[in-house]
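Here is a quick walk through one protein fold, written for someone who would rather be at the bench. Have a look at the sequence and the structure first, then read on.

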Amino acid sequence: MKKDDIVPFFATLQAANPNPETELEYTTPFELLAAVLLSAQATDVGVNKATRKLYPVANTPQAIFDLGVEGLESYIKTIGLYRSKAKHLIETCRMLIELHGSEVPRTRAELEALPGVGRKTANVVLNVAFGEPTIAVDTHIFRIGNRTGLAAGKTPLAVELKLEKRVPMAFRLHAHHWLILHGRYICVARKPKCWECAVHTMCDYKPKTPAPKS
């Protein structure tokens, strides 16, 4: 993607969705942290179904810790890898209680020290809960960065660092959500819907996918 196309690319996405939001359901930074931790290799829809049952019963570090691993598993067993996620979340709750006064820390280093919390999860929490202009590179953003030429890279970290250099600060706060939603619904993995794409003229992907025949 040419440098001159980057501003029009994001301006177009912004015009279509001025205030994008995560599709995970949450009301507090801790609920968001827990939901993102549970969302690894799972859909937001699936996580929301589980947390709608879990959060009315336990939505604080102490309350979830008190459930214990088996108690927590009973609420999240519909989510992939639920056993390991339950262990991670219980241990994360313990650390939040003992080290952070049950509050979600606001630094990347402290977040990444929590079990099951990697760079992507930390970036989501920093961006969504605390308004930091971070870009969490998931499979959608990794694909779009490489497919469009916006930020080519062989690893998620390489794509993230390239995005930090190329995305203008005016768009940085919401870039994460615009790219994820675009990848989730338009620039999909198997066959991008180029005929529906508002930014296809700025994208390096060739050949463009033609509209299906009616």
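What follows covers the cores, one helix and the salt bridges of this structure, which is a predicted model.

**The nonpolar cores**

Let's start on the inside. The largest nonpolar core holds 36 residues, and the ones with the most contacts inside it are Ile-64, Leu-72, Ile-76, Leu-89 and Leu-111. Five helices each put in at least two residues: H2 (29-38), H3 (44-54), H4 (61-76), H5 (82-100) and H7 (119-128). H2 gives the largest share of this core, with 8 residues.

To get a feel for the packing, click on Ile-64. Setting aside residues up to four places away in sequence, Ile-64 touches Phe-30, Leu-54, Ala-58, Leu-72, Leu-89, Ile-90 and Cys-93. There is also a second, separate core of 24 residues, and among its members are Ala-151, Val-159, Trp-178 and Cys-187.

**Helix H7, under cover**

How many of the 10 residues of H7 are buried? The count is 8, so this helix is mostly covered, given that buried means under 20% relative accessible area. The buried stretch is made up of Thr-121, Ala-122, Asn-123, Val-124, Val-125, Leu-126, Asn-127 and Val-128. The cover over them includes H2, helix H6 (108-112), helix H9 (156-166) and helix H10 (169-185).

Two polar residues of this helix are worth a look. Thr-121 sits in H7 and is buried, because its relative accessible area is 8%, under the 20% cut-off. Beyond its sequence neighbours up to four places away, Thr-121 touches Leu-33, Val-36, Leu-37 and Gly-116.

Asn-127 is in H7 too. With a relative accessibility of 5%, Asn-127 also counts as buried. What does the side chain of Asn-127 have for polar company? One of its polar atoms lies 3.4 Å from the backbone oxygen of Thr-134. Not counting neighbours within four places in sequence, Asn-127 is in contact with Glu-132, Pro-133, Thr-134, Leu-173, His-176 and His-177.

**Salt bridges**

Now for the charged side chains. The whole structure has 6 salt bridges, and the table shows some of them.

| Pair | N to O distance | Where the partners lie |
|---|---|---|
| Glu-23 and Arg-184 | 2.4 Å | loop between H1 and H2; H10 |
| Glu-91 and Arg-94 | 2.4 Å | both in H5 |
| Arg-119 and Glu-160 | 2.8 Å | H7; H9 |

Take Glu-23 and Arg-184, whose side chains meet in a salt bridge. Glu-23 lies in the loop between helix H1 (3-16) and H2, while Arg-184 is in H10, so the pair ties together parts that are 161 residues apart in sequence. Both ends are partly exposed, Glu-23 at 31% relative accessibility and Arg-184 at 24%. This pair has company, as Glu-23, Asp-44 and Arg-184 are linked in a network of salt bridges.

Glu-91 and Arg-94 are a local affair: they lie 3 residues apart in H5, about one turn of the helix. Glu-91 is partly exposed at 29% relative accessible area, and Arg-94 is partly exposed at 25%.

Finally, a salt bridge joins the side chains of Arg-119 and Glu-160. It links distant parts of the chain, with Arg-119 in H7 and Glu-160 in H9, 41 residues apart. Is each partner buried or partly exposed? Arg-119 counts as partly exposed at 28% relative accessibility, whereas Glu-160 counts as buried at 3%.

Notes:
Residues are numbered from 1 along each chain as its sequence is written. This is a predicted model: local features need pLDDT of at least 70, side-chain atom pairs count only at pLDDT 80 or more; totals for chains, interfaces and linings use all residues. Side-chain values use heavy atoms; hydrogens and water are left out. A nonpolar core is a set of buried Ala, Val, Leu, Ile, Met, Phe, Trp, Tyr and Cys residues joined through side-chain atoms within 4.5 Å. Buried means under 20% relative accessible area, exposed over 50%, partly exposed in between (1.4 Å probe, protein chains only). Helices (H or I, at least four residues) and strands (E, at least two) are DSSP runs, numbered from the N terminus. Contact means heavy atoms within 4.5 Å. A polar contact is a pair of N or O atoms within 3.5 Å; within protein, one must be able to donate a hydrogen and the other to accept it, and residues adjacent in sequence count only if both atoms are side-chain atoms. A salt bridge is a side-chain nitrogen of Lys or Arg within 4 Å of a carboxyl oxygen of Asp or Glu.
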